[in-house]
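This report describes the overall build of one chain, one of its strand-helix-strand units, and the empty spaces found in the model.

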Amino acid sequence: MHYRDLSDHEVYVPGEGLVEVARELGMDPEELVALGSNENPHGPPENAIDAISSAASSVHEYPKSSHTDLTESLAKHWDVSPEQVWLSPGADGAIDYLSRAVLRPGDRILVPQPGFSYYAMSSRYHHGAVEHYPVSRESDFTVTDETVLEAYDDHRIVFLTSPHNPTGSVVTHDTIRSIAAQTDSDTLVVVDEAYGEFSSIASARELLDHRDDIAVLRTFSKAYGLAGLRVGYALVPDSWADAYGRINTPFAVNEIACRAASAALADQSHVEKTVSSAKTQRKRLQSELKVPTWESQGNFVLAEVGDASTVSDQLKQRGVIVRDCSSFGLSDCIRISCGTEQETTEAINAVNDVVAALSSSHGD
Ligand SMILES: *Cc1c(COP(=O)(O)O)cnc(C)c1O
């Protein structure tokens, strides 16, 4: 037998990993500056490291109480009921859970172009079809209700990313509210806030009190520094209380991840430090890079560098990993994560040098 027709499925293209690149270049990972995946440059919080070590001796048990504890802490944190918190393996897992809960075979979803590729992947896994609304450079990648509604045609899910990946732009609450109000009552508006902590606008969580067609995605992968554990969640409408048990993979988040995330949530000092450092380095990237950049509310900056694939390759040879945005459809842009002060300095110097060298070698 053969598996089903997967020809319209795309393979996820992650930012290049530190260890892979170090192996490829025959370098020590320590010598590299990894700014391609929007990871936390300050590492995981200390108390999460402690929680991970002490959880090691109980991994022979299913994560029962730890799952409940994390769900309850998140419910308190967001002032929602525990039933409204859908824990998942990364926010990616929450995208799958929403697809499972909402999509019927053949349903269509509406996603931003350029945008995060997993929305479309998940929809296809769940026998859905994918259509796009433009996030256009002409308008500095601003997402308005008009652009979304113009492309909207009774889609079952509309994905909004705020802050947006890879551009860093945000979607205002007025825009979200307007989209939710003007789309069908059977359309779910998902607001992906994977980078919410870095943004100056409030979470769309507050919109959940007034509507039953909005869900919010959050993750421990970015500001919390726990990407390797794969833990995230969706905040869903109050009326969805009994759906989670019907669609989730049993014990969605593992014991170690639950314990570490609970510890990280209980002490926000690491997140505060991370956010403040990211805001400082974001400003530096915008002012010190000698190439056009865009305003960003995330822990990264999008920069226009010419041939992104060549520039990324040359940066890599110099030990600086950035995200070539060609796979997002932006073949002249790279996305640079905010690193530590020193990493960011190295990245700024490397990008400025590489771009200058390439433009002089083109004879102008
Ligand atoms: C990183 C990211 C996610 C999810 O990451 P997880 O590691 O699966 O939690 C979701 N959406 C966007 C836009 C992201 O950049």
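Helices and strands here are DSSP runs, a helix being H or I over at least four residues and a strand E over at least two, and they are numbered from the N terminus. Helix α5, defined in this way, gives four residues to the lining of the largest pocket, which is the largest share. The model is predicted.

**Overall build**

The chain contains twelve helices and twelve strands. Its C-alpha trace spans about 65 × 55 × 50 Å along the principal axes. The radius of gyration is 21 Å, which agrees with the value near 21 Å for a compact globule of 364 residues. Of the 364 residues in the chain, 54% are buried.

**The β3-α5-β4 unit**

Strand β3 covers residues 108-113 and strand β4 residues 129-134; the two run parallel and are joined by six bridges. One of the bridge pairs is R108 with A129 of β4. Helix α5 (residues 118-125) completes a β-α-β unit with β3 and β4, and this unit is right-handed.

**The largest pocket**

The volume of the largest pocket is about 880 Å³. Which elements give two or more residues to its lining? They are α4 (90-102), β3, α5 and β4. The three elements of the right-handed β-α-β unit, β3, α5 and β4, are thus named again in the pocket lining. In total 42 residues line the pocket, and those nearest its centre are Y12, F116, S117, N165 and R323. By residue class, the lining of the largest pocket holds 17 nonpolar, 15 polar and ten charged residues.

**The largest cavity**

How many cavities of 30 Å³ or more does a search of the whole structure find? The search finds one. The largest cavity has a volume of about 40 Å³. Its lining is made by E39, P41, H42, F198, T274, S277, A278, N299 and C338. Four of these lining residues are nonpolar, four are polar and one is charged.

The table sets out the lining classes of the two spaces.

| Space | Volume | Nonpolar residues | Polar residues | Charged residues |
|---|---|---|---|---|
| Largest pocket | about 880 Å³ | 17 | 15 | ten |
| Largest cavity | about 40 Å³ | four | four | one |

Terms used:
Residues are numbered from 1 along each chain as its sequence is written. This is a predicted model: local features need pLDDT of at least 70, side-chain atom pairs count only at pLDDT 80 or more; totals for chains, interfaces and linings use all residues. Side-chain values use heavy atoms; hydrogens and water are left out. Two strands pair if DSSP finds at least two bridges between them. A crossover is right-handed if, with the strands pointing away from the viewer, the path from the first strand over the helix to the second runs clockwise. On a 1 Å grid over the protein atoms alone, a cavity is a set of points where a 1.4 Å probe fits but cannot get out, and a pocket is an open set with protein on both sides within 12 Å along at least five of seven lines; lining residues have an atom within 4 Å of a point. Grid points are joined across faces, edges and corners, and a volume is the space filled by probe spheres set on the points. Ala, Val, Leu, Ile, Met, Phe, Trp, Tyr, Cys and Pro count as nonpolar, Asp, Glu, Lys and Arg as charged, and the others, Gly among them, as polar. The radius of gyration is taken over C-alpha atoms; the globule rule is 2.2 Å times the number of residues to the power 0.38. Buried means under 20% relative accessible area, exposed over 50%, partly exposed in between (1.4 Å probe, protein chains only).
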